[in-house]
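Please open the structure in your viewer and keep the selection tool at hand. The stops below proceed from one selection to the next.

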Amino acid sequence: ETAKSALRASGLPIASVDLVVYLAAGAIGEVAGSIVRAPMEAVKSGVQSGACSSTRDAIETCLLREEGRGNILCAWSASVVRDVPFGAVQLAIFELSKAAILANPDITFDVNTLQSEALLGAFAGFVGSFISTPMDVVTTRIITQS
């Protein structure tokens, strides 16, 4: 929401194009979130892939060793390539779906309930995941490379 508001208030020519604002806001949110997620994903991937024997071992391997931190940096770039399209598509699909439902007087669907937001979010997440799954595989392989 912060990114959407800032983009709309920016006065840029794109500020009036909903699709571009939603895509950009989703991308901005994912870049910010990836800074926190990348180290945690490295630990998770290390344990899940069997490259590390425990969470403690994964933390030591991924965060405390220079090689592990280097892998996180490489994986972060792959994560951004994966997460930015996911976040951009997910937010755009979610917002445009809500707008389309609200704009159609023949649809009597309350988009402001928790259930409808969950349904629209699940649909948007499915589309985003479908698009970004190949990069998820690449990211896991980068994180767990020897």
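Begin by selecting R8, which counts as partly exposed at 35% relative accessibility. The model on display is a predicted one. Next, add D18 to the selection and display both side chains: D18 and R8 meet in a salt bridge, with an N to O distance of 3.0 Å. Because D18 belongs to helix α2 and R8 to helix α1, this pair ties together parts that are 10 residues apart in sequence. D18, with a relative accessible area of 35%, is partly exposed.

**The two helices joined by this pair**

Now select α1 (2-9) together with helix α2, residues 18-49. How do the axes of α1 and α2 cross, and within what distance do they come? They come within 8 Å and cross at roughly 135 degrees. An angle over 145 degrees would count as roughly antiparallel, and one of 65 to 115 as roughly perpendicular; α1 and α2 are therefore oblique to each other. The crossing of these two helices, α1 and α2, is right-handed.

**The loop and the nonpolar patch**

Select V17, which sits in the loop between α1 and α2. V17 is partly exposed, its relative accessible area being 38%. Extend the selection to L12, I14, L19, V20, L23 and L96; with V17, these residues form a nonpolar patch on the surface. Together the patch residues have about 490 Å² of accessible area. Which helix gives the most to this patch? Helix α2 does, with 3 residues.

**Salt bridges at E1 and K4**

Clear the selection and pick K4 and E1. Their side chains meet in a salt bridge, at 3.1 Å from N to O. Is K4 buried or exposed? K4 counts as buried, because its relative accessibility is 11% and the cut-off for buried is under 20%. E1, by contrast, is exposed, with a relative accessible area of 68%. Add E95 to the view as well: E1, K4 and E95 are linked in a network of salt bridges. A search of the whole structure finds 7 salt bridges.

**From helix α4 to helix α5**

Select K98 and E117 next. These residues form a salt bridge in which the closest N and O atoms are 2.9 Å apart. K98 lies in helix α4 and E117 in helix α5, so the pair ties together parts that are 19 residues apart in sequence. K98 counts as buried, at 15% relative accessibility, whereas E117 counts as partly exposed, at 31%.

Remain on helix α5, which spans residues 114-143, and select F123 within it. F123 counts as partly exposed, at 44% relative accessibility. Then use the distance tool between the C-alpha atoms of F123 and S97: the two residues are 26 apart in sequence and 9.5 Å apart in space.

**A final stop on helix α4**

Select L91, which lies in helix α4, residues 66-103. L91 is partly exposed, with a relative accessible area of 22%. How far apart in space are L91 and E60, C-alpha to C-alpha? The separation is 35 Å, and the two residues are 31 apart in sequence.

Technical notes. Residues are numbered from 1 along each chain as its sequence is written. This is a predicted model: local features need pLDDT of at least 70, side-chain atom pairs count only at pLDDT 80 or more; totals for chains, interfaces and linings use all residues. Side-chain values use heavy atoms; hydrogens and water are left out. Patches are made of residues with over 30% relative accessible area and no salt bridge: like charges are joined within 9 Å, nonpolar side chains (Val, Leu, Ile, Met, Phe, Trp, Tyr) within 5 Å. Accessible areas come from the Shrake-Rupley method with a 1.4 Å probe; for residues, only the protein chains shown count as cover. A salt bridge is a side-chain nitrogen of Lys or Arg within 4 Å of a carboxyl oxygen of Asp or Glu. Helices (H or I, at least four residues) and strands (E, at least two) are DSSP runs, numbered from the N terminus. Buried means under 20% relative accessible area, exposed over 50%, partly exposed in between (1.4 Å probe, protein chains only). Axes are lines fitted to C-alpha atoms, for helices over the stretch in contact, and angles run from 0 to 180 degrees between N-to-C directions. Angles under 35 degrees count as roughly parallel, over 145 as roughly antiparallel, 65 to 115 as roughly perpendicular and the rest as oblique. A crossing is left-handed if the near helix is turned anticlockwise from the far one by less than a right angle, and right-handed if clockwise.
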